[in-house]
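Hello! I am passing a structure on to you, together with some notes to read beside it. Please open it first and have a look around before you read on.

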Amino acid sequence: MEDKRNFETDAIRAQTERTTFREHSVPLYLTSSFVFEDAEQARALFADEVPGNIYTRFSNPNNTELINKLCLLEGTEDGIATASGMAAMYCSMAALLKAGDHVLASRSVFGSTHQILNTLFPRFNISHTYVDLNAPSTWESKILPNTKMIFVETPSNPALDIIDLEWLGKLANKHKLILNVDNCFATPYLQNPAKWGAHLVTHSATKFIDGQGRVIGGAILGRKDLIKEIRFFARHTGPSMSPFNAWVLSKSLETLAVRMDRHCENANSVAKHLQSHSQLEYVKYPFLPSHPQFELAKKQMRLGGGVVTFEVKGGIERGRRFLNALKMLSHSANLGDTRTIATHPASTTHSKLSEAERLAVGITPGLIRVSVGLENLNDIIADIDQALLASQ
Ligand SMILES: *Cc1c(COP(=O)(O)O)cnc(C)c1O
């Protein structure tokens, strides 16, 4: 019975056992430690012979509940919850790599993931090679004898490029590499990388999983043996998620499907509305037939996601004017919120890169990223339209 339930049902009904209070909604366990029954149980817990909680840095009922649910939704064996998305990205790599290892990573990864690969890992003699999401035929030749992991984001931020996960899963297995997919943009509702062969699925839960801009959190989900090593690393280095955030995120998952349905419906409508706009060079959205990987998006994603990008005519300065002209949309660095958020990567998140570096990851000068929220569609479109007019 349990196995055959559908996504929405698991997201709502997968819950830890009720306490004697018979609460309907999962309780919050704000406790730093747990009391042992006796000396023998304490010994057995520390020896990993029996399941149970010792200390919230290691595990907590709220974190366990969240992870059990996420594993059901992603179709993975095991996982851990982390304090942030970056703690998930970092631990999923650092726990499994050692000096001398090499990572093959898609060039368009999240900014802080770049910093880990470019600045932090070289200190520990862990190297990487970037590959282009739009040129998968070049990837295999860049695998080195010391390559251990492939790390990708799909769809990518902010260019919304897509890589074929089925192909990638086969490539990783052929070369016995760990495939680690940052599934933040899609969420488990739209895409399950493990189904296509990913060994690790990493998330920033801060984005659509919470979906209401309240908490920072992350998760690493995947193969049992890999999670065991990551759990050891996390237990002793301490990036655990607070039980409060785990409780919030477990509640968030109950509405993930309905929220994502509406995010995607609104984003698709915004993309369609803008695609013939005279003030735009182009509009990009995975489920628009004009997206270069439209067929692939349809194959591996349930819907197109909540993020739309477009290029305003007039470059960097026009991009800034557009943001200043917005009346309702928020100008914020976050995404995946109920509120529609617009950002201009060339003058903010990616302003430290050279123009050539930006173009290499698809960030054109007037590129605007819109994380389409859950407000009324007409109000979202009206604000974008008036800002395009006012910023001419
Ligand atoms: C936001 C984000 C992260 C980092 O997550 P935090 O929760 O902010 O630490 C990683 N990857 C992607 C794709 C993101 O959008």
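**Starting from Asn62**

Asn62 has its place in helix α3, which covers residues 61-74. A reminder before we go further: what you are looking at is a predicted model.

Is Asn62 buried or exposed? Its relative accessible area is 1%, and because buried means under 20%, Asn62 counts as buried. The side chain of Asn62 reaches the backbone oxygen of Pro27, at a distance of 2.9 Å. If you leave out residues up to four places away in sequence, Asn62 touches Pro27, Leu28 and Tyr29, and also Pro243, Ala246 and Trp247. Try showing those residues together with Asn62 on your screen.

**The protein as a whole**

Now zoom out. The secondary structure of the protein comes to 14 helices and 12 strands. Taken along the principal axes, the C-alpha atoms fill a box of roughly 75 × 55 × 35 Å.

How does the radius of gyration of the protein compare with that of a compact globule? For 392 residues, a compact globule would have a value near 21 Å, and the protein has 21 Å, so the two agree.

Of the 392 residues, 54% are buried. The protein exposes about 17300 Å², and carbon and sulfur atoms supply 53% of that area. Contacts also link distant parts of the sequence: among those with a separation of 6 or more, 73% are between residues 24 or more positions apart.

**The ligand and its surroundings**

Next, please find the ligand. How many residues surround the ligand? There are 13, and the closest are Gly85, Asp182, Ser204, Thr206 and Lys207. Sorted by class, this shell has 5 nonpolar, 5 polar and 3 charged residues. Helix α4 (residues 85-94) gives the largest share of the shell, with 3 residues.

Here are some polar atom pairs to look for:

- A polar side-chain atom of Asp182 is 2.7 Å from a nitrogen atom of the ligand.
- Lys207 has a polar side-chain atom 2.7 Å from an oxygen atom of the ligand.
- Met86 takes part through its backbone, where a polar atom lies 2.8 Å from an oxygen atom of the ligand.

Taken alone, the ligand exposes 380 Å², and the protein buries 92% of that.

**Two more buried residues**

Phe322 lies in helix α12, residues 315-325. With a relative accessible area of 0%, Phe322 is buried. Leaving aside neighbours within four places in sequence, Phe322 is in contact with Phe310, Ile368, Ile384, Ala387, Leu388 and Ser391. To get a feeling for distances in the model, pick Phe322 and Ser240: they are 82 residues apart along the chain, and their C-alpha atoms are separated by 39 Å.

Gln191 is in a loop, the one between α7 (187-190) and β6 (200-204). Where does Gln191 stand, buried or exposed? Its relative accessibility is 1%, so Gln191 counts as buried. Again without neighbours within four places in sequence, the contacts of Gln191 include Glu74, Thr154, Leu165 and Asn183. Ala186, Gln300 and Met301 are also among them.

**Some backbone details**

Thr154 comes up again here. The peptide bond from Thr154 to Pro155 is cis, with omega near -5°. Pro155 is found in the loop between β4 (147-153) and α6 (165-174). A cis peptide bond also joins Asn157 and Pro158, with omega about -5°, and Pro158 has its place in the loop between β4 and α6.

Why point these out? Most peptide bonds are trans, and most residues other than glycine have a negative phi.

That brings us to phi. Asp48 is not a glycine, yet it has a positive phi of about 60°. You will find Asp48 in the loop between α2 (39-46) and α3. At 64% relative accessibility, Asp48 counts as exposed, because that label is used for values over 50%. Asn125 is not a glycine either, and its phi is positive too, at about 60°. Look for Asn125 in the loop between α5 (111-120) and β3 (127-131).

Enjoy exploring the model, and do write back with any questions!

Conventions: Residues are numbered from 1 along each chain as its sequence is written. This is a predicted model: local features need pLDDT of at least 70, side-chain atom pairs count only at pLDDT 80 or more; totals for chains, interfaces and linings use all residues. Side-chain values use heavy atoms; hydrogens and water are left out. A residue is near a molecule or strand if one of its heavy atoms lies within 4 Å of it. A polar contact is a pair of N or O atoms within 3.5 Å; within protein, one must be able to donate a hydrogen and the other to accept it, and residues adjacent in sequence count only if both atoms are side-chain atoms. Accessible areas come from the Shrake-Rupley method with a 1.4 Å probe; for residues, only the protein chains shown count as cover. Helices (H or I, at least four residues) and strands (E, at least two) are DSSP runs, numbered from the N terminus. Ala, Val, Leu, Ile, Met, Phe, Trp, Tyr, Cys and Pro count as nonpolar, Asp, Glu, Lys and Arg as charged, and the others, Gly among them, as polar. The radius of gyration is taken over C-alpha atoms; the globule rule is 2.2 Å times the number of residues to the power 0.38. Buried means under 20% relative accessible area, exposed over 50%, partly exposed in between (1.4 Å probe, protein chains only). Contact means heavy atoms within 4.5 Å.
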